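Work through the exercises below on charged side-chain pairs. Each task is followed by a solution in steps.

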Amino acid sequence: MSTQKKKILTGTIKRHPDGFGFFIPEDKEHPDVYIPRNSMEGVMTNDKVTVEVYPEKGGERFRGEVIRVVQRGTKTFVGRFYRLNDRLGILRDEGKGWGQDLKIKIEDSMNAKDKELVAAEVISYPEDGKSFTGKVTSVIGNALDPLTDIKRVILSSGIPQDFSAETLEQAKHYKEVPDEKDYKGRKDLREMSLITIDGATAKDFDDAVYVETNPEGFLLYVAIADVSHYVQVGSPIDRDAYERGTSVYFPNFVVPMLPEVLSNGLCSLNPHVPRLCMVAEMQFDFTGEMTRSDFYEAVMESKARVTYGEAQEVIDGNGAEKFDHVKDGILRLADLAKILMAKRFKEGSLDLEIPETELVIDGAGVPIDIQRSERLFAHRLIEEMMLAANVAVAKFLHGKTVPALYRIHEPPNEMAIRTLEKYMATFGGKTKLGQGKLQKRLTKALEEFENRPEAQILNILTLRSMSQAKYSPNNVGHFGLGFEYYAHFTSPIRRYPDLIIHRLLKTQVVKSNQYRLISEDDLASAGTILSAAEQRSTKAERQVQSIKKARFMEKFLGQEFDGMISSVAKFGIFVLLREYDIDGLVRLDDLGHDKWEFDEENLRLTARRSGMSFNIGDSIRIQVAAADPELGQINFVKAGMEINDEMDEDIDDETGDKKSPAARSAEKYLNRLRKKEEPKEWQGEERRRGNDRRSNDRRSSPNEKSYSLKEDRQGRKDQKSRRHEERGPKPAQREERNPNQKSRFFGDKRSEQKGQEEKVQKAQKAFQFRPEGEERSKGPDENLLRMILGPSEFRKTQGQDSEDKPKLSKKLQFAEQSKIRDNDEYSEKNSDSLKDRKPNRKDAKKRGETSNDRGGVRKTRVSQGRGKGKTR
């Protein structure tokens with residue numbers, strides 16, 4: 001591929017919050033193209049652009065430079081209006097999808113007040129020397145709360161949102177900088193060129209790094225914020241932090257584990273200010289082997305706050321001048337990271353590339369883009385440094401025979417591996433998993449599918465076959481990473497287990513009676529509680545992603561998109577869109593007028609009469625049929641299908657004009673929502689799984705609205721159980737339509753007919769555009785209100801009664817009532833906490849009770865914090 005010459009391509013750009021971009025060519029056969037930061041000036045997400053593309057040296061990836069913007073993807077922007085002075089105001093680029101703030105003259109603001117929500121259209125884009133300016137077209141006011149969706153999920157998930165009065169009182173006593181007396185007994189590293197590398201939207205910087213070379217190899221310093229110095233055991237802040245267990249990251253919003261004065265202040269390693277830290281100093285030889293380590297308290301001062309995109313530019317040789325003073329340090333970090341990565345993979349660490357979703361949300365809480373979050377080498381660089389520090393601390397505590405809270409990941413059970421091997425063989429794999437070290441065999445097997453459509457799904461199937469990583473004092477190692485000793489040490493601002501490790505480490509390296517060892521019983525209890533808190537936060541993050549994706553797709557009802565089949569099930573196929581990181585279900589009835597047979601062994605649907613089949617990786621064109629933000633589900637149909645012939649009415653009753661294909665389509669499908677019953681396979685299997693959709697982490701996933709294989713990372717039951725649950729009556733045996741059934745797609749049974757009529761009216765109006773010259777409304781746009789608030793909240797703003805409608809959707813009610821529990825009967829065989837106990841199989845109420853809390857995302861990731869990469 002490296003022999004190919006430069007070429008000019010046209011397509012769509014996706015702007016990453018860190019400033020770089022990815023280009024999706026119109027040529028479906030061409031891979032996506034990385035666009036560096038310096039070529040993204042003035043380019044916004046979803047713009048249509050022309051790019052000069054060339055292959056990267058020594059790799060399979062492509063790089064490009066934007067030549068010109070062909071067509072702008074966004075013309076109207078929504079956000080909060082901030083008055084800067086008497087002449088100028090701005091709409092802030094909160095989602096980082098525009099590249100800069102939108103400037104609005106006060107005379108063009110329609111007298112919007114400070115921090116009011118407004119809609120604005122662009123006057124000039126940032127090109128040809130022009131600035132990014134616009135004018136307000138609608139003042140939405142304060143009727144909308146941008147956090148409506150997030151607040152619903154927080155409440156239903158039981159996540160503590162408000163700190164106690166005692167905690168707030170204690171937080172008032174902290175200062176902005178440490179006291180000089182705090183420096184006593186600490187090593188002074190303020191002259192060392194430590195830097196932080198995080199995401200562009202990160203505000204809490206809990207780790208800084210620096211490496212230097214010496215005759216022995218590389219000497220690495222990993223400095224971590226000294227949270228344990230400020231958060232004393234048993235204090236109000238400590239009690240609140242333990243209850244939360246972790247910070248929870250949502251788009252443009254975070255529920256922090258610690259009060260902001262600590263999380264974004266004293267405990268955040270902000271540049272050019274002194275900060276207290278715990279340091280892991282590690283010496284590596286030139287093969288990546290750690291030869292010695294040392295741990296101590298210190299005081300430091302970060303020399304630069306670098307984003308992943310900026311670090312990547314330095315590594316590529318295009319870094320900005322402002323980083324010249326730390327450029328050599330970044331390059332040395334890159335050299336060490338390559339050595340550590342090579343050593344880790346050689347020894348059997350799995351490298352599962354599971355894409356995660358990046359939501360670009362404006363100031364009104366409305367998603368403006370859903371994109372696949374791409375991982376750069378800069379992400380891997382920081383991951384390797386954090387992994388090294390976590391391993392070093394775990395080895396140190398084990399060597400001192402100190403009871404500790406390890407991050408463990410048990411090996412998969414034999415049956416799951418046999419099933420995975422069968423899937424790989426079906427897709428053409430030749431590697432046998434039962435020979436030699438399992439991690440190495442898995443890596444070799446996955447390499448066979450590199451750059452093939454099946455690669456992504458097999459990565460997900462591999463992850464799904466594994467157990468859930470968790471916290472435990474019983475160290476059984478970390479299977480996915482291939483480490484014998486592993487603990488979480490590097491993120492005490494946002495993970496309570498890391499705070500525990502800091503305190504245990506200080507019992508050994510600090511001459512003070514302030515810190516005490518923790519009993520194994522207390523550590524076991526903490527492991528169970530904190531693992532459950534982690535799963536709770538992951539579930540909530542996925543749920544918000546699911547809701548936002550469905551809200552995003554509402555505006556595309558009836559429109560067609562190209563996609564790829566990401567999963568095949570008994571009740572239909574799941575299609576991942578090429579343009580957006582979203583997938584949805586195409587039901588069997590919407591695939592064509594034929595009888596379909598599901599081949600579970602080969603994951604294929606085959607038509608009996610025509611012989612047509614649908615396989616994972618097949619390209620398909622779909623049409624958006626329905627999107628329900630309350631349930632977080634999306635449904636597609638196969639493009640070009642005539643669903644209901646007797647409804648073929650092409651004339652609009654009001655205007656007398658011929659309806660557009662999209663309008664006809666939306667009307668057909670939404671009318672069908674009210675008339676057809678949802679098949680039981682979809683109700684039983686799909687609704688059940690839809691509650692546990694998997695993205696911040698950080699790095700992205702296909703859609704979480706309707707169930708996709710990525711959501712299987714939340715944990716699925718074994719295949720036998722799944723087949724049993726999928727079993728339902730044949731079409732001929734289905735019950736008669738319930739008149740109170742809301743939707744055949746989503747199966748949300750409600751008696752309110754009014755809500756259905758509003759849905760239909762919304763679809764009918766969705767494609768009727770404003771006539772030219774019509775005077776713009778100064779009040780909130782009803783369609784915009786309905787899109788942001790959802791049907792129930794919208795009726796409240798109109799003074800209509802909504803008491804007869806549930807305040808939370810069924811999905812959210814279920815999430816509120818459910819408890820995190822084991823979802824795999826094999827977990828009881830493998831769990832370190834259940835090896836000596838037999839579950840009660842006679843008592844149905846006790847049958848599912850276990851104590852190892854594995855009911856969350858199945859993953860080998862060490863964390864999912866915002867901006868921290870997969871293993872931070």
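**Exercise 1.** Find the partner of lysine 506 in a salt bridge, and place both residues in the chain.

Solution. A salt bridge is a side-chain nitrogen of Lys or Arg within 4 Å of a carboxyl oxygen of Asp or Glu. Lysine 506 pairs with aspartate 226, with 2.8 Å between the closest N and O atoms. Lysine 506 sits in helix α12 (residues 496-509), and aspartate 226 in the loop between β14 (217-225) and α3 (227-230). The two are 280 residues apart, so the pair links distant parts of the chain. Helices (H or I, at least four residues) and strands (E, at least two) are DSSP runs, numbered from the N terminus.

This is a predicted model: local features need pLDDT of at least 70, side-chain atom pairs count only at pLDDT 80 or more, and totals for chains, interfaces and linings use all residues. Residues are numbered from 1 along each chain as its sequence is written, and side-chain values use heavy atoms, leaving out hydrogens and water.

**Exercise 2.** Decide whether lysine 506 and aspartate 226 are buried or exposed.

Solution. Buried means under 20% relative accessible area, exposed over 50%, partly exposed in between (1.4 Å probe, protein chains only). Lysine 506 has 0% and is therefore buried. Aspartate 226 has 1%, so aspartate 226 is buried too.

**Exercise 3.** Do likewise for lysine 322 and glutamate 310.

Solution. Their side chains form a salt bridge at 3.6 Å, N to O. Lysine 322 is exposed because its relative accessible area is 55%. Glutamate 310, at 11%, is buried.

**Exercise 4.** How many salt bridges does the whole structure hold?

Solution. The search finds 38.
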